[in-house]
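Q: Please give a close reading of the largest nonpolar core in this model. I would like to know which residues touch the most other members, and how the surrounding chains are arranged.

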Amino acid sequence: MRLKGSVIILSFFTMGLLFGRYTHINEWLSGIDYSSLSLYLLMFLVGISIGSDTRSLQALKNMNLKILLIPTATIVGTTIGVWFVSIFVARYSLKELMAVGAGYGYYTLSSIIIKNNHSDALGVVALLSNVIREIITLLLAPIIAIYFGKIAPICSGGATSMDTTLPIISSASGKEYAIPSLIHGIILTILVPFIVTLLLSL
Amino acid sequence: MVAVVSIMAGGMLLGFLLKARQRVVSANEKLITYAIYLLLFMMGVSIGSNDQIMNSLSSLGVLALIVSAGAVAGSILTGFVIFKIFFKND
């Protein structure tokens, strides 16, 4: 079901690609900083959504300090994993690949920040890479839970563990992991803009 | 970046104040979906009109796959470690 969301999003992106490639829409829009404006709009709406979500406020109240280990594990694990694969990539530096990884699956926000602060090309890598992270989690969460324990699907989902991958995580790991998954996703979602910007400014 | 974070913080405050108004909250969820579509479409436009990127899309895709494989594998392993040490006996 949730996969449908990713498919729709990818089709809008593809449609944009085709319009950009084969029409003059980009010239009509020239002078308008449309990517920054749409980012501001999205951030504002996401802020409203987090602020008005009684579920997330409740979850934050129930927070046991041990739950903070989960986002820490995700950040450390992503860093180690990206560091390892960076050995095989010549085109971009470790810092640039880390910024891509630090989207933690939150592709809309991370890709546009990277596009605005770095380059279009790295923005595309961030978009694709973080969409892939979400899709891998949606497809593999049940297997991951069996072989690597009930926390691993949450870490794999990254920031998406609060919404798109939450249902699959809660069925793969059990309902008692839904709240930790939610808190984990909220924390990473809030951290994404800070960590990505920080890495790019190093 | 200060602008982005303060806009988000302003939204959070507004959302907190509006949270009793269910209709506004659910309208907002719809708006987010449309904003994401708009954002992705606009990103597509800006990338599609960039010939240099269009010509290297397949290599960028492979690169993206490599980064996500590393990120997911690393996260699964650290998730496995903390599960074994801290959560298994819960």
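A: In this predicted model, the largest nonpolar core holds 84 residues, of which A:Val125, A:Ala152, A:Val192, B:Leu39 and B:Val67 touch the most other members. Helix H8 of chain A, spanning residues 120–148, supplies the largest share of this core, with 16 residues.

One of these core members, A:Val192, merits a separate look. Beyond its neighbours within four places in sequence, A:Val192 is in contact with A:Ala102, A:Gly103, A:Tyr104, A:Tyr106, A:Leu109, A:Ser110 and A:Ala159.

The core has members from chain A and from chain B, and the contacts between the two chains form the next topic. On the side of chain A, 76 residues are in contact with chain B, where 63 residues take part. Helix H3 of chain A (residues 34–52) gives the most to the side that touches chain B, namely 17 residues. Sorted by class, that side of chain A comprises 46 nonpolar, 23 polar and 7 charged residues.

Chain B, to which B:Leu39 and B:Val67 belong, contains 4 helices and 0 strands, and its elements follow the order α-α-α-α from the N terminus. Along the principal axes, the C-alpha atoms of chain B fill a box of roughly 55 × 45 × 25 Å. The radius of gyration of chain B is 20 Å, whereas a compact globule of 90 residues would have a value near 12 Å. Among the 90 residues of chain B, 39% count as buried.

How values were computed:
Residues numbered from 1 in each chain as written. Chains lettered and ligands numbered in written order. Predicted model: local features only at pLDDT ≥ 70, side-chain atom pairs only at ≥ 80, totals over all residues. Contact = placed C-beta atoms within 7 Å. Helix = DSSP H or I, 4+ residues; strand = E, 2+ residues; numbered from the N terminus. Nonpolar A, V, L, I, M, F, W, Y, C, P; charged D, E, K, R; others polar. Core = buried A, V, L, I, M, F, W, Y, C linked by C-beta atoms within 7 Å. Buried ≥ 20, exposed ≤ 12 C-beta atoms within 10 Å, placed from the backbone. Rg over C-alpha atoms; globule rule 2.2 N^0.38 Å.
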